[in-house]
Amino acid sequence: MPGRLAVSLLAAAAVFPACLVYLLISFPYSPTPPVVHASLSTVPQAWSVYSEDFYPGGAYVSFPHGRVRYWLMGPEDGNKVVLVHGLSIPSIVWKNFAPVLASHGYHVLLYDLYGRGYSDAPQVTYDVSLYTTQLALLMQHVHWDNAHIVGLSMGGGVAAAFATQFPQLVNGKVSLIASAGVIEDTDISRTAKIMSSPLTQSVSSLPPFQYYMRRLANSSSLSQTTVDPIQEIVRLQPAHLPYFNAAVASSLRDGPVRGLEDSFAALSNFPIQVLLIHGTSDKTVPYKYASKILTLVPHAHLLTIDGAGHDIIITHATRVFDALVQFLSTKGHMHTLTHSRTSQSHFQPPPPIRNDGGQHVFV
C-alpha cells in the first residue's frame with residue numbers, strides 16, 4: 001500500500017508541472033463577434049403601434065454590435081438635437097416631442113438604444129461605453145460634427161457620460177429630463193434587483209419561460225378595449241424580444257442608471273450648459289436626485305415641476321417643451337428659466353396618449 005501511494009505521489013508530481021506549463025503557454029480560442037438578437041422588426045404585433053417608419057427619415061445602420069434604427073427629422077440647416085430615450089421604452093416615447101421640435105426648425109436625430117425597439121440586441125454587457133459609443137458612431141454616420149443632447153431618465157445618464165467622453169460632439173448644451181445616473185442602490189426596488197440577477201435572467205431565457213411570457217402577453221392584448229401605444233410596447237418587448245430582459249437587467253446592474261457621479265461632476269470642466277427638468281412626485285427617479293446632480297454640476301439650471309411624476313414628458317408636455325426650446329434657443333447663459341414661463345405656448349402636441357395614472361418605466 002505505501003508503495004502505491006508513493007507511485008501516485010510521483011505521478012502527480014510529474015503531471016503537475018506539465019499541467020502548469022500547458023496553462024502558461026496555452027492560447028485562448030480565437031475571439032468571435034458577439035451574438036446579436038432580433039429587434040421589433042421580427043414582431044408583427046408591434047408594427048401597428050410602433051412601426052419602423054413611425055417617424056419620417058428612418059434608416060438602419062450596421063455597427064459592430066448590430067443594426068441600429070434611427071430617424072432624422074426637420075430642416076437640415078436647423079440646429080441639431082439628439083434625443084436619447086430611457087431604460088425600457090424606445091423612441092416612441094418622443095412621439096409628442098420630436099415632430100414638434102422638427103416643425104420649429106430643429107434638425108432632430110432620434111434612435112433606439114441597443115436591445116430596445118428596432119435596434120438589435122448584442123449579447124454583451126450593457127455598460128456606459130456601449131451606449132456612448134453607439135451615439136458617437138451614429139453621429140459619425142449621419143455626418144454630424146456636434147449637436148445639443150437631450151436625455152430622458154437613463155438617457156440622461158447616457159447624455160452626461162457622452163458629453164464628458166466626447167465633448168467635441170456636444171454643441172454646448174445638454175438637457176437632462178428626470179435624469180437617472182446617480183441612483184443609489186437603496187432606491188432600486190427589491191423586485192428589480194431580483195429580476196435583474198444573473199440567475200433570474202438565466203431562467204427567463206429558457207424556451208418554456210419565454211413561451212409562457214408570449215402567451216401571457218397575447219392574452220393581455222385580447223382583453224384590452226383600447227390600446228395605449230407606449231403600454232403596448234412595454235408589454236410586447238419583454239415577451240417577444242429574446243434578449244430584451246437581459247439588456248434591461250444588464251443596464252440596471254452595469255449601465256448608466258447609477259455610478260455616474262464622476263461623469264456629472266466632470267461636466268463642469270467643459271463649456272457645456274446643463275438644463276435639469278424634474279418633477280417633485282417622481283417615484284422612479286426621486287426628485288432628490290435632481291438636487292444631487294445640481295450639487296455635482298453647480299452651473300446647471302434646474303426647472304422643478306410640482307406634482308410631476310416620471311412620465312413628465314406626457315403629463316406636463318407643454319411645460320417641458322417650452323423650457324427645452326427656451327434653453328436650446330437662448331445664446332449665452334440663462335438666469336431666468338427656473339422662474340419664468342412663456343405666456344403663450346408654442347407646443348401643439350399630437351393627440352394625447354392615454355394615461356391611466358401610473359408612471360411609465362422610463363429609467
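**Exercise 1. Which residue follows helix 4, and what is the sign of its phi?**

Solution. The model is a predicted one, in which local features need pLDDT of at least 70 and side-chain atom pairs count only at pLDDT 80 or more, while totals for chains, interfaces and linings use all residues. Residues are numbered from 1 along each chain as its sequence is written, and side-chain values use heavy atoms, with hydrogens and water left out.

Step 1. Helices (H or I, at least four residues) and strands (E, at least two) are DSSP runs numbered from the N terminus, and helix 4 covers residues 128–141.
Step 2. The residue that follows helix 4 is H143, and its phi is positive, near 65°.
Step 3. The expected span of a helix is 1.5 Å times one less than its number of residues; helix 4, with 14 residues, reaches 20 Å from its first C-alpha to its last, close to the 20 Å expected.
Step 4. With buried meaning under 20% relative accessible area, exposed over 50% and partly exposed in between (1.4 Å probe, protein chains only), the buried residues of helix 4 include Y131, L135 and M139.

**Exercise 2. Describe helix 9 by its span, its burial and the contact at its start.**

Solution.
Step 1. Helix 9 (residues 229–240) has 12 residues and should span 16 Å, which agrees with the 16 Å between its end C-alpha atoms.
Step 2. Of these 12 residues 10 are buried, so helix 9 is largely enclosed by the rest of the structure; among the buried ones are the charged-group residues E232 and R235, together with I230, I233 and L236.
Step 3. At the start of helix 9, a side-chain oxygen of D228 comes to within 3.0 Å of the backbone nitrogen of I230.

**Exercise 3. Trace the salt bridges that involve D185, D187 and K292, and state which parts of the chain they link.**

Solution.
Step 1. A salt bridge is a side-chain nitrogen of Lys or Arg within 4 Å of a carboxyl oxygen of Asp or Glu, and by this rule the count comes to 6.
Step 2. D185 forms a salt bridge with R258, their closest N and O atoms being 2.9 Å apart. Because D185 lies in the loop between strand 8 (170–177) and helix 6 (190–195), and R258 in the loop between helix 10 (244–254) and helix 11 (261–266), the pair ties together parts that are 73 residues apart in sequence. D185 is partly exposed at 40% relative accessibility, and R258 is partly exposed at 28%.
Step 3. D187 and K288 meet in a salt bridge of 2.9 Å, N to O, which links distant parts of the chain, 101 residues apart, with D187 in the loop between strand 8 and helix 6 and K288 in helix 12 (residues 288–296).
Step 4. K292 pairs with E261, the closest N and O atoms being 3.1 Å apart; since K292 lies in helix 12 and E261 in helix 11, parts 31 residues apart in sequence are tied together. Salt bridges that share partners join E184, E261 and K292 into one network.

**Exercise 4. Which residues have the most contacts inside the largest nonpolar core?**

Solution.
Step 1. A nonpolar core is a set of buried Ala, Val, Leu, Ile, Met, Phe, Trp, Tyr and Cys residues joined through side-chain atoms within 4.5 Å.
Step 2. The largest such core has 107 residues, and those with the most contacts inside it are V82, W94 and I313; its largest share, 8 residues, comes from helix 14 (residues 317–329).
Step 3. Taking contact as heavy atoms within 4.5 Å, and leaving aside neighbours within four places in sequence, V82 touches residues including L109, Y111, L135, M139 and W144.

Technical notes:
Polar contact = N/O pair within 3.5 Å; in protein donor to acceptor, adjacent residues only side chain to side chain.
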